[in-house]
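Here is a short note for a colleague who will work from the coordinates. Please read it beside the model.

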Amino acid sequence: MIKKAIYPGTFDPVTLGHLDIVKRGIEIFQELIIGIAENPKKKPLFSLEERKEMFEESLKEIGLYDKVKVKTFNSLLVEFAKKEGAVAILRGIRIISDMDHEFTMASLNRKLYPEIETVFLMPSDEYAYLSSSAVREIAFYGGNVSQFVTKFVERKLKEKIARIKGTV
Ligand code: COA
C-alpha cells in the first residue's frame, strides 16, 4: 500500500517554514498531498484559489512541484483524508506552545477517524517563530518578508496589500 499523507493548513500565505515541512515530509511518505482548508473562521486574506496558486508557484520556485499535489478542501479534515486514501496527517510543531492545540486536534481527529495517524515534524530552527499571520503583518506595514516567503508570495503580498490600501 502506498503510504500517503495529507499536510493540511490554511496557508494564508504559505511560508518557508511550511515548505521546510514539505521537504521533510516527502522524505518519509511515498505521496504527499497539500490540503488547503477554506477555513472561513480565520477570514483569510487570500482566496482559496490564490492560496493554492501561491503554494504551487512556491513549489516550482524550490524545485518540488513534481513531488507533491496541491488540493483544496471545505470539509472536515478527516473526511478529506479518507477521500484521498491518506494514512497520516502531517503537522509541523514549531515551539512547545504549539503542542496544546496540536494534541487537541490530533486527538479529535483520531476520535473521528481512528485509522488515521497524526505525524509531527519539526521545522528548521530558523522558522521556529514564523507564522502566516506574522508574515501578513510585517508585509502590511511595509517590512521586508523576503527571508520568510518565496519571491512569488512576496509579490502577491505586495499586490494584495497595495490593493487593500488603495494605492493601486
Ligand atoms: N512554518 C510556519 N508557520 C507554521 C508552521 C510552519 N512549519 N506550522 C504551522 N504554522 C503556523 C500557521 O501558518 C498558522 O499560523 P497563523 O495562525 O498565523 O496563520 C499556525 O501556525 C497554525 O494555525 P492553525 O490554525 O493551527 O492551523 P492551520 O491554519 O495551519 O490549519 C487546519 C488548521 C486547516 C488543519 C484545521 O483548521 C482543520 O483541520 N480544518 C478543517 C475542519 C476540521 O476538520 N476541523 C476539526 C479539526 S479537529
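The points below go from the whole chain to single residues.

1. Status and layout. The model is predicted. The protein chain holds 6 helices and 5 strands. Read from the N terminus, the order is β-α-β-α-β-α-β-α-β-α-α. The radius of gyration is 16 Å, close to the 15 Å from the globule rule for 168 residues, so the chain is as compact as a globular protein of that length.

2. Extent and surface. Along the principal axes, the C-alpha atoms fill a box of roughly 50 × 30 × 30 Å. The protein chain exposes about 9,500 Å². Carbon and sulfur atoms supply 53% of that area. Buried residues account for 47% of the 168 residues.

3. Contacts and charges. Take the contacts between residues at least 6 apart in sequence: 76% of them join residues at least 24 apart. The chain carries 27 positive and 24 negative charges. The mean positions of these two sets are 2 Å apart.

4. Main core. Which residues have the most contacts inside the largest nonpolar core? They are Tyr-7, Val-22, Ile-34, Phe-55, Leu-59 and Leu-157, in a core of 34 residues. Several elements each supply at least two residues of this core. Among them are strand 1 (4-9), helix 1 (16-28), strand 2 (31-37) and helix 2 (48-61). Strand 3 (68-73), strand 4 (88-92), helix 5 (132-140) and helix 6 (151-164) also do so.

5. Second core. A separate core has 12 residues. Its members include Ile-33, Phe-73, Ala-81 and Ala-86.

6. Tyr-7. Leave out residues up to four places away in sequence. Tyr-7 then touches His-18, Ile-21 and Val-22, among others. Its contacts also include Leu-32, Ile-33, Ile-34 and Gly-35. Leu-90, Arg-91 and Gly-92 complete the list. Ile-33, one of these contacts, is a member of the second core.

7. Loop between strand 1 and helix 1. Check the backbone here. Most residues other than glycine have a negative phi, and most peptide bonds are trans. A cis peptide bond joins Asp-12 and Pro-13, with omega at about 5 degrees. Pro-13 sits in the loop between strand 1 and helix 1. Phe-11 lies in the loop between strand 1 and helix 1 as well. Phe-11 is not a glycine, yet its phi is positive, at about 50 degrees. Is Phe-11 buried or exposed? Its relative accessibility is 3%, so Phe-11 counts as buried.

8. Asn-39. This residue belongs to the loop between strand 2 and helix 2. Asn-39 has a positive phi, near 50 degrees. Its relative accessible area is 18%, under the 20% cut-off, so Asn-39 is buried.

9. Glu-154. Where is Glu-154 found? It is in helix 6. Why does Glu-154 count as buried? Its relative accessible area is 18%, and buried means under 20%. Outside the four places on either side in sequence, Glu-154 touches Asn-144, Val-145, Ser-146 and Val-149.

10. Glu-53. This residue is placed in helix 2. Its relative accessibility is 32%, so Glu-53 counts as partly exposed. Leaving aside neighbours within four places in sequence, Glu-53 is in contact with Phe-152 and Lys-156. Glu-53 and Phe-152 are 99 residues apart in sequence. Their C-alpha atoms are 9.5 Å apart in space.

Conventions
Residues numbered from 1 in each chain as written. Predicted model: local features only at pLDDT ≥ 70, side-chain atom pairs only at ≥ 80, totals over all residues. Heavy atoms only, no water. Helix = DSSP H or I, 4+ residues; strand = E, 2+ residues; numbered from the N terminus. Rg over C-alpha atoms; globule rule 2.2 N^0.38 Å. Buried < 20%, exposed > 50% of the residue type's maximum accessible area, 1.4 Å probe, protein only. Contact = heavy atoms within 4.5 Å. Areas by Shrake-Rupley, 256 points an atom, 1.4 Å probe, with all protein chains shown as cover. Lys, Arg positive; Asp, Glu negative; His and termini not counted. Charge placed at Lys NZ, Arg CZ, Asp CG, Glu CD. Core = buried A, V, L, I, M, F, W, Y, C linked by side-chain atoms within 4.5 Å.
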